[in-house]
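Welcome! Please take a look at the structure shown here, and then read on for a short tour.

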Amino acid sequence: MTATATQTSPRKRASNGAARLNDADEIGLGALVGHAGYAVRRFQIWIFQDFIKTLGDVDIRPTQYSVLTVIGANPGLSQMAVAKRLGIERARLVHLLDSLEGRKLVKRIKSKADRRSHALHLTAQGETALAKFKRLAAEHERHVEDKIGKANRERLLQILADFT
């Protein structure tokens, strides 16, 4: 019997003959075990949960952090440029920016070059908040390193660099 078969067989039979699962960890994954996409998605879920837990006190989600970080690194970008760079739908970004603007972290300034668009900037409060968010995000990255090891984290970043 293979290791995969062993992993998928610890089930008891219900009175109707159907497999009754004892525990979620005992449910076999079948071919998913060899799928990179499945493994990446499960790791992403763990990463997001840890990020949200680590930054929970400051009420910042991963996408909000990404938007603030890009605006902080590139003051004056248009909404369209931020959406395109981060792969966020424009309508979703507008909603997200409304939220960040409501928290006084971001301000939209009418573009001098194109009056139909806005240049995005962090407010002074946004700059202070982003510095705190970055410290907490660094703590989150230490959690990732603790989970997979420093060398594996560095290698993972190398592998994923083509997708950023």
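## Salt bridges and their surroundings

Glu101 has a relative accessibility of 30%, so this residue counts as partly exposed. Keep in mind that this is a predicted model. Glu101 makes a salt bridge with Arg108, with 2.9 Å between the closest N and O atoms. Arg108 also meets the side chain of Asp98 in a salt bridge (2.9 Å, N to O). Because Asp98 sits in helix α5 and Arg108 in strand β4, that pair ties together parts that are ten residues apart in sequence. Asp98, Glu101 and Arg108 are thus linked in a network of salt bridges.

How many salt bridges does a search of the whole structure find? There are three, and here they are:

| Salt bridge | N to O distance |
|---|---|
| Asp98 and Arg108 | 2.9 Å |
| Glu101 and Arg108 | 2.9 Å |
| Arg153 and Glu141 | 3.0 Å |

The pair of Arg153 and Glu141 links distant parts of the chain, with Arg153 in helix α7 (residues 150-160) and Glu141 in helix α6, twelve residues apart. Arg153 counts as buried at 19% relative accessibility, while Glu141 is partly exposed at 31%. Asp98 is partly exposed too, with a value of 39%.

Now for the strands. Three of them form an open sheet in the order β3-β5-β4, with antiparallel pairing. Strands β3 (77-78) and β4 stand at the edges with a single partner strand each, so one side of each has no neighbour in the sheet. Five bridges join β4 to β5, and one pairing to look for is Ile109 with its bridge partner Ala119 in β5. Helix α5 lies across β4 and β5, running at about 115° to β4.

The loop between β4 (106-110) and β5 (118-122) holds Ser111. Is Ser111 buried or exposed? Ser111 is buried, since its relative accessible area is 16%, under the 20% cut-off. Beyond residues up to four places away in sequence, Ser111 touches Ser117, His118 and Ala119.

Finally, let us look inside. The largest nonpolar core has 25 residues, of which Val67, Leu68, Ile71, Val106 and Phe133 touch the most other members. At least two residues of this core come from each of α3, α4 (79-86), α5 (90-102), β5 and α6 (124-148). Leaving aside neighbours within four places in sequence, Val67 has contacts that include Val82, Leu86 and Leu100. In α3, the buried residues include Val67, Leu68 and Ile71. The twelve residues of helix α3 (residues 62-73) should span 16 Å at 1.5 Å a residue, and the end C-alpha atoms are indeed 16 Å apart.

Technical notes
Residues numbered from 1 in each chain as written. Predicted model: local features only at pLDDT ≥ 70, side-chain atom pairs only at ≥ 80, totals over all residues. Heavy atoms only, no water. Helix = DSSP H or I, 4+ residues; strand = E, 2+ residues; numbered from the N terminus. Expected span 1.5 Å × (residues − 1). Buried < 20%, exposed > 50% of the residue type's maximum accessible area, 1.4 Å probe, protein only. Contact = heavy atoms within 4.5 Å. Core = buried A, V, L, I, M, F, W, Y, C linked by side-chain atoms within 4.5 Å. Pairing = 2+ DSSP bridges. Axes fitted to C-alpha atoms, helices over the stretch in contact; angles between N-to-C directions. Salt bridge = Lys/Arg side-chain N within 4 Å of Asp/Glu carboxyl O.
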